[in-house]
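The following exercises concern one protein structure. Please study the sequence and the model before reading each solution.

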Amino acid sequence: MQVKLIDYQANALELLIHTKSTRLAAGQTVEEIAEWPMEKKLDHLKYMRNTIASSWEFVRYIFEITGVSRVFTHQLVRTRTQSYAQESQRTIDASGNGFYEPNWNNINHWAPYQSAMFTAFDMYKYLTEQEESNQDARYVLPEATLTNIIVGSDLR
């Protein structure tokens, strides 16, 4: 698995403080707050930590997560607290995606698992070679198939 930060809110601290000041007195601009000493900014942030939860939603981070199983991504998206864009097995040729290799407690489990994975990918390749669509062939792919996903998240 590889996680890469691909975008972020550059002025996150100032934006957080600005959202608080807008609620309380509507006065400080982001530019004015940027001129404050760090100690003053951190004092405001400390106040906000447990009082104004919705302000944290304005600060966004976007990550690219690659080389994870579809089992992982299914768990990740269950809560729907983030935004997602996942590689689509419906449209791509997934024959080269590979599969997750678990750390088995018992080494004897590895050979049957690997055999099952290769069989599934061989069947997928066979179906696509027989001109079945990727959309239909994907049903034989295991949940251990590796995939990529983009995740957009706020700080809340």
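**Exercise 1.** State in which helix arginine 70 lies, and determine whether arginine 70 has a salt bridge.

Solution. Arginine 70 is part of helix α4; helices are DSSP runs of H or I with at least four residues, and strands are runs of E with at least two, numbered from the N terminus. The model is a predicted one, in which local features need pLDDT of at least 70, side-chain atom pairs count only at pLDDT 80 or more, and totals for chains, interfaces and linings use all residues. Residues are numbered from 1 along each chain as its sequence is written, and side-chain values use heavy atoms, without hydrogens and water.

Next, consider the charge. Arginine 70 is buried (under 20% relative accessible area with a 1.4 Å probe, protein chains only). The nearest side chain of opposite charge, glutamate 143, is 5.2 Å away. A salt bridge requires a side-chain nitrogen of Lys or Arg within 4 Å of a carboxyl oxygen of Asp or Glu. Arginine 70 has no salt bridge.

**Exercise 2.** Describe the order and pairing of the strands in the sheet.

Solution. Four strands form an open sheet, ordered β1-β2-β4-β3, with antiparallel pairing (at least two DSSP bridges between two strands). At the edges are β1 (2–8) and β3 (83–86), each pairing on one side only. Between β1 and β2 (residues 60–69) there are six bridges; in one of the pairs, leucine 5 has phenylalanine 63 of β2 as its bridge partner.

Methods: Buried < 20%, exposed > 50% of the residue type's maximum accessible area, 1.4 Å probe, protein only. Lys, Arg positive; Asp, Glu negative; His and termini not counted.
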